[in-house]
Amino acid sequence: MIREEVWKAALAGLLHDIGKFAQRAGVEVRGEWSDPQTQAEFGYQHALHTWHFSQRYLPEPLRAEIADLAAHHHRPHGRGLVVQVADHLAAGERRKEEGDDSDRRIHPRQMHPVFIGIRADGQEHPQQGKGQFYFPLAELVLQEGVIFPQTDPLEEAQVWKRYERLWEAFCHAASQLKEAAQQSLDLPAYLESLLSLMQRYTWCIPAAYFKAVPDISLYDHSRMTAALAACLVEFDEATLQRLAENPEASDQDVALLIGGDISGVQDFIYTISSKGAAKMLRGRSFYLQLLTEAVVRFILRRLGLPYTSVVYAGGGHFYLLAPLSAAEKLPDIQAEVGRLLLQEHHLQLYLVLDGVRIPASGFQGGRLSEYWQRMTQRLTIAKNRRYGELQDELFASLFEVPEYGGNPDQTCSVCGDEQRGAQEWDEWEAQSKICPLCRSFAETIGKELPAARFIAFQFGQVPPAQAHAKTALEILEHFGMRVQFLKDSQQKVDAQPDRHCVIWALDDPHAEKWPVAPANAVRWVRYTTQAVPPYTFDQLQEKSESGFHRLGVLRMDVDNLGSIFKDGLAKAFSLSRLATLSFQISLFFEGWLKRIVEDAQWQGLVYTVYSGGDDLFLLAPWEKVPLLANRIRQDFERYTGHPGLHISGGMAFIDGKYPIYQAAADAAEAEDLAKKGGKNAFAFLGRAWQWSDFQILVERKEALKDLVRQESPDQKAGPKSLLQTIRSLALMEEEAVELDGRPLWGRWMWLGAYQFHRLEERARNHPELKHRLADLRQQLEPFRNLQSWGAAARWAMLETRVERKRNG
C-alpha cells in the first residue's frame, strides 16, 4: 500500500524544473509574465512554464495539487516547501535568486559532460572553461553522434530548433501518458513512466539556472529532487521553513542514504565447469542483474517508496535515498532478503545492507562525499558479518543434519545442491549431472537473452513462503518479480491486473514499436550488451584466424573511480552531479559497449559475460581481444575527453576447456598487473603496457607481419625465422637485465648486428626486401631496449601460424 503524499511529493520534485525545457523551446508566456502579480507568485518565468505544463499534461486527479507543489518551488507556501528544500539539497549549493530568467538567450544552451569539472590523476579537463565540448541536443538513442560530446557548440538557431523538436516530442509522449492515466490512474506506474520520459528527452538538457555551469542534466537533477522530496514529506512545515532558510548550516538529519551490495557475485558467476559454460555463464551473470533489480524493487515496496528514490543500481550494487524512518525497517528487510538468498543459494550470495543519516548541511559544498565514503566503509565492515541478522536460523540451516542427503546421484556438479534433484544434461560430455536451477541459467536466461529485444516484468507482493525454487525465474518470483523474455514487438506481455508492469527495451525500439501491454505499463530503454555467439567455447576458439587456437579473456575497468567519486569533484560534489556521473559512466559501459561489440571486425565473436557500472568481462578469439581492448580505451577517451580519466585492462589466453573460474582469475591477475604498472595500461603477453606504448606495439607487430607476409607472387617476403631472431635477442637482453640491472653492453647487440647483416646479404637479389630489412635494422640499432620489439615479434608469430600451414 502506498502513501500518496510520498508519491505526489516525488512527482512534484520530478517536474519542478520542467519549465526550463519549455522556456528554451520558445513556448510563449510573455503576456502573462508581464503581470507583476504573476511574477510575485512564481518568482521565475520557468516556474510559470512548469505550472502550464502541469495544467495541460497531468491527469485531472493530480493536476491542481502537483501544479501547486511543483510550480511554486521558488515562492512556496505550505507543503510546497518540500520541493523547494529538495531542490536546494539536490543541487548542493545555495541558489541566489537574482536577475530575470525570461530571456532564453541567457540560459545555458547545451550541456557539458560532467567529466569537464572533474580533477583526475592530477589533471583538469582540457576543455574546462573554454566554452566547448558539449552533448548535442537530441533524445537518447545509442548513436555516436548523440551520446558522444562534440567539441564545437551548435549555432544558436540550431539550438532553439532542437529544443523545439525535443519539447514537441516530449509533450506528445506526456499527452499519451495522460490519456492512459485518465482511464485509470495508477500513480506508481504514472510516476515511473514520466521518469522514463525524462531520461529519454532531458538526459542532455542542462538543469543549470542561467548563471551556473551546465554540467548536470535536467533528468538527473529532477530525479534526485524527487528522491529528496519523498524523504522530506515526514517533516512539519516549521522544520521545513528552518531548512529552507539556511540548509548549509543545518545539522538537521533529512535523509537516509541506503547502500546495498549483493556479496559473492564473482564466485557465483565463475565457479562453474567449462562444460556447457558458454550457455550457462551469461545466464548466471544476467541473473544477478535481474536479482539486483528484484531486490531493489522489493526494498522500495517494503519502504513504500517510488522508483525515483534509486540513485544508482547495477552490478550487484545499489544506492537509495529514503526517509529517516526507514532506518528502523532495514534490519527486518535485510533478514527477509537474507532468508530467501540463504534458502535458494545457500552461502553463495548475501545481501549487505546499511544506511547513513545525512544532515541538510551534508548535501552542501561538496560534503556529500564524506557521507558517501562513510556508506562505503559501513558496507565493507558489514561484509564481515554475513548473515548475522539471521542468528539462530543460520545455525539451523548450516549445522542441523538433514533427514535426507548425501546422494551423489542427486548432487549438482555445478553448484553442489542436492535438494532440487540433479539430472543428466545433453550438454555434458561426461556422466555429470545438473540441477534445474543451473540448467535454467543456460536454457532459460542464457538461451533466451541473446534473442530477446524486450523483457517484461510484473512486480507484486511476495508469495507466501515456499519450498526451494526449481529455476532462476522462480527465485525472482519469490522476490515478487515475474520475468518474460520477448523476441520482438509482436509478442504480447502476459500482464496481470494486480501487478506493476515494466518493460525493458534492450536497445532502441525500432520505429517506436513496443510489445502489446496494458496502457499503464512502464516502458524503459535499458541498454544491455547481450552478445553471446552461438558456439561452445571450443568452437569459438576455432574461429581464430591464426593457427594458434585460443580464447582471449578480457577484464577492464576505470582507474581510480573510487577516488574520483570521493575527491574528483571537490566542493562541486553534489547529489545531482553524483547521479549524472553515474548515469554517464553507465551509458558507456552498458550502452556504447553494445555498439562496440557489434562492430563488423568481431561481430558475432565476442561473448559478453558482463558489462556495466564501470567494468567489463569479455571473451573472444584471442587475436580480436587486444584490438577490442584498444578500441574500448580509445572510445572512452573520446567520450570523456579527459586525459586523467582512463581505463586499465588485462588479457589472458585460455583453451576452450579451461575452467571458467581460473580464466576469470587469470584475467583479473592480468588486470592487476596493468594497475600495478602505473594504470592507464593494458597487460598483454605477460607485461603491462601503457596505452601509448601498446599503440607502438601494435604498429611494430603489423610492420613485422607485413615484412614476413607475401602479398603477391612477385613480392619476396622476409623469412619467418626473423621473428624468432628478434624474440631471442629480446629474451637475451631481458635475462641480462634481470641478472645485472641494465648492462651497457651484451652479446645480443653484436649478435643482432651480425644476423641482420646476413639477412640483408641473402636478400641482395631482392632490392626492395633488402631495403626493408635495412630499415628494420636501423630501428633496432643499437639493439637496446628490445622489450617492445620482442613482444611484437611474439605477437606476429602467433598471428602468422596459419599462414605457415597454408603456404606449406
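Q: Buried means under 20% relative accessible area, exposed over 50%, and partly exposed in between (1.4 Å probe, protein chains only); why, then, is Ala 570 called partly exposed?
A: Ala 570 has a relative accessible area of 47%, which falls between the two cut-offs, so Ala 570 counts as partly exposed. This is a predicted model, in which local features need pLDDT of at least 70 and side-chain atom pairs count only at pLDDT 80 or more, while totals for chains, interfaces and linings use all residues. Residues are numbered from 1 along each chain as its sequence is written, and side-chain values use heavy atoms, with hydrogens and water left out.

Q: Where does Ala 570 lie, and what is noted about its phi?
A: Ala 570 sits in the loop between helix 21 (561-568) and helix 22, where helices (H or I, at least four residues) and strands (E, at least two) are DSSP runs numbered from the N terminus. Its phi is positive, about 50 degrees, although Ala 570 is not a glycine.

Q: What makes Asn 680 partly exposed?
A: Its relative accessible area is 21%, and since this value is not under 20% and not over 50%, Asn 680 is called partly exposed. Asn 680 belongs to the loop between helix 24 (660-676) and strand 15 (681-684), and has a positive phi of about 50 degrees although it is not a glycine.

Q: Why are helix 1 and helix 11 called roughly antiparallel?
A: The axes of helix 1 (residues 4-15) and helix 11 (residues 218-232) come within 7 Å and cross at roughly 150 degrees. Angles under 35 degrees count as roughly parallel, over 145 as roughly antiparallel, 65 to 115 as roughly perpendicular and the rest as oblique, and helix 1 and helix 11 are therefore roughly antiparallel to each other.

Q: Which residues of helix 1 and helix 11 meet?
A: With contact taken as heavy atoms within 4.5 Å, Val 6, Ala 9, Ala 10, Gly 13 and Leu 14 of helix 1 meet Ser 222, Arg 223, Thr 225, Ala 226, Ala 229 and Ala 230 of helix 11.

Q: How do you know that helix 9 and helix 10 are roughly antiparallel?
A: Helix 9 and helix 10 pack at an angle of about 170 degrees, with their axes 11 Å apart, and this angle is over 145 degrees, so helix 9 and helix 10 are roughly antiparallel to each other. Among the residues that make the contact are Leu 166 and Phe 170 of helix 9, together with Tyr 190 and Leu 197 of helix 10.

Q: What makes helix 7 mostly covered?
A: In helix 7, 11 of its 11 residues are buried, including Leu 81, Gln 84, Asp 87 and His 88. These buried residues pack against helix 1, helix 6, helix 11, helix 12 (237-245), strand 1 (253-263) and helix 22 (575-597), and helix 7 is followed by Gly 92, whose phi is positive, near 80 degrees.

Q: How do you know that the span of helix 6 agrees with what is expected?
A: The expected span of a helix is 1.5 Å times one less than its number of residues. For the 12 residues of helix 6 (residues 60-71) this should give 16 Å, and because the end C-alpha atoms are 16 Å apart, the span agrees. Among the buried residues of helix 6 are Leu 62, Arg 63 and Ile 66, and what covers the buried residues of helix 6 includes helix 4 (36-42) and helix 5 (45-57).

Terms used
Axes fitted to C-alpha atoms, helices over the stretch in contact; angles between N-to-C directions.
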